[in-house]
Amino acid sequence: MLSRVADSIYWLNRYVERAENVARFVEVNLNLLLDSPAGTQQQWEPIIVTTGDLPLFKERYGEATAENVIQFLTFDTAYPNSIVSCLRLARENARSVREIISSEMWHQVNSFYLMVTEVARSRSLHDLSAILRFFEEVKLSSHQFIGVMNATMTHNEGWHFGQIGRFLERADKTARILDVKYFILLPSIKDVGSTLDELQWMALLKSASAYEMYRKQGLHRISPNSIAEFLVLERDFPRSVRFCILQAERSLHQITGTPIGTWCTPVERTLGRLRSDLDYLTIEDIIDTGLHETLDDLQRRMNDVSKKVFETFIALQPIG
């Protein structure tokens, strides 16, 4: 497959997934706002901290109010990771490979982009219920894109590049959503184990669409350790870090033809080691190392996988 096509399909899927997960970031606090006792102060800066873009936000907006954070993460066209920017880039990548992807995929990503830009123009998010409906629509549109792609595109190399992009992005953002709780806790250690603490963990599960599945596993008690274990190590939940890495590795080996458990390229080795470490990692290991430190290491290693995908399949090799 041409490296240009592989790159475009990979990033088309990463950007659609990123748009959905930015909506989930904001939902952490919106869900908390609905569930918290009256008078509870909301913390919006942790959401920006986990994106890694706090200096840029401070320079452009100053105070981390709800309005400023939602504007920055959702509609700021100058911020490359806002929802509207992600969808613009997804649309551009889709346009560049229209001869490869299905027409239904193009229509879905185009409609998704137009929906978000229309909301941005109309400024119709005037209350909490409208904001929540909008973010639900963002998530639904992302799910529709995934469904359309799986149903209408041949499951060949291009499709597998899309899978790798989507699952690497999802794994990274699940780790970051979980890390939000760490940063929210920092200023209020006294709240650990309180009703507010439990509400925060529940809000986090809901934002990862994990609350119901967590409960259905028989995990009725809201325990930080069991939640971290579920979101990082659960093998069968489609938003857990481990599940996503497993799926990305399967698609990678479909592309290379190398049996899983062996490797012939640096990206196979890097992703295989990450998947193997997750297979043997326990929640006790995570707690001993520190939740934030473990998540930070996972994010670093996933970034390394993405870098090696580019070096192995996309970057032009010199002749000679």
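Guide: In this predicted model, a salt bridge means that a side-chain nitrogen of Lys or Arg lies within 4 Å of a carboxyl oxygen of Asp or Glu.

Visitor: What makes the pair of Lys 173 and Asp 172 a salt bridge?

Guide: The closest N and O atoms of Lys 173 and Asp 172 are 3.0 Å apart, and the cut-off is 4 Å, so the pair counts as a salt bridge.

Visitor: Why is Lys 173 called buried or exposed, and what about Asp 172?

Guide: The word buried is kept for residues under 20% relative accessible area. Lys 173 has 10% relative accessibility, so Lys 173 counts as buried, and Asp 172, at 4%, is therefore counted as buried as well.

Visitor: Which residues are linked with these two in a network of salt bridges?

Guide: The network links Arg 14, Arg 18, Glu 169 and Arg 176 with Asp 172 and Lys 173. A search of the whole structure finds 22 salt bridges.

Visitor: How do you know that Glu 20 and Arg 24 meet in a salt bridge, and where do they lie?

Guide: Their side chains come to 2.7 Å, N to O, and since the limit is 4 Å, the pair of Glu 20 and Arg 24 qualifies as a salt bridge. Both residues belong to helix H1, which covers residues 3-35, and they stand four residues apart, about one turn of the helix. Glu 20 has 0% relative accessibility and so counts as buried, while Arg 24, at 1%, counts as buried too.

Visitor: What makes Arg 275 and Glu 249 a pair that ties together parts of the chain?

Guide: Arg 275 forms a salt bridge with Glu 249, in which the closest N and O atoms are 2.7 Å apart. Arg 275 lies in helix H13 and Glu 249 in helix H12, so this pair ties together parts that are 26 residues apart in sequence. Both Arg 275 and Glu 249 are buried.

Visitor: Why is Thr 174 called buried or exposed, and what does its side chain reach?

Guide: Thr 174, found in helix H8 (residues 157-185), has a relative accessible area of 4%, so Thr 174 is buried. The side chain of Thr 174 reaches the backbone oxygen of Arg 239 at 2.7 Å. Thr 258, in the loop between helix H12 and helix H13, has a relative accessible area of 12%, and because buried means under 20%, Thr 258 is buried as well.

Visitor: Why is a surface patch here called negative, and which residues form it?

Guide: The patch is formed by Glu 229, Glu 284, Asp 285 and Asp 288, and because Asp and Glu count as negative, the patch is called negative. Its largest share, three residues, comes from helix H14 (residues 283-289).

Visitor: How do you know whether Glu 229 is buried, partly exposed or exposed?

Guide: Glu 229 has 36% relative accessibility, and partly exposed is the range between under 20% and over 50%, so Glu 229 counts as partly exposed. Patch residues need over 30% relative accessible area, and Glu 229, with its 36%, therefore meets that cut-off.

Visitor: What makes helix H11 mostly covered?

Guide: Helix H11 spans residues 224-233 and is also the place of Glu 229. Seven of the 10 residues of H11 are buried, namely Ser 226, Ile 227, Ala 228, Phe 230, Leu 231, Val 232 and Leu 233.

Definitions and conventions: Residues are numbered from 1 along each chain as its sequence is written. This is a predicted model: local features need pLDDT of at least 70, side-chain atom pairs count only at pLDDT 80 or more; totals for chains, interfaces and linings use all residues. Side-chain values use heavy atoms; hydrogens and water are left out. Patches are made of residues with over 30% relative accessible area and no salt bridge: like charges are joined within 9 Å, nonpolar side chains (Val, Leu, Ile, Met, Phe, Trp, Tyr) within 5 Å. Accessible areas come from the Shrake-Rupley method with a 1.4 Å probe; for residues, only the protein chains shown count as cover. The place of a charge is taken as NZ of Lys, CZ of Arg, CG of Asp or CD of Glu. Helices (H or I, at least four residues) and strands (E, at least two) are DSSP runs, numbered from the N terminus. Buried means under 20% relative accessible area, exposed over 50%, partly exposed in between (1.4 Å probe, protein chains only). A polar contact is a pair of N or O atoms within 3.5 Å; within protein, one must be able to donate a hydrogen and the other to accept it, and residues adjacent in sequence count only if both atoms are side-chain atoms.
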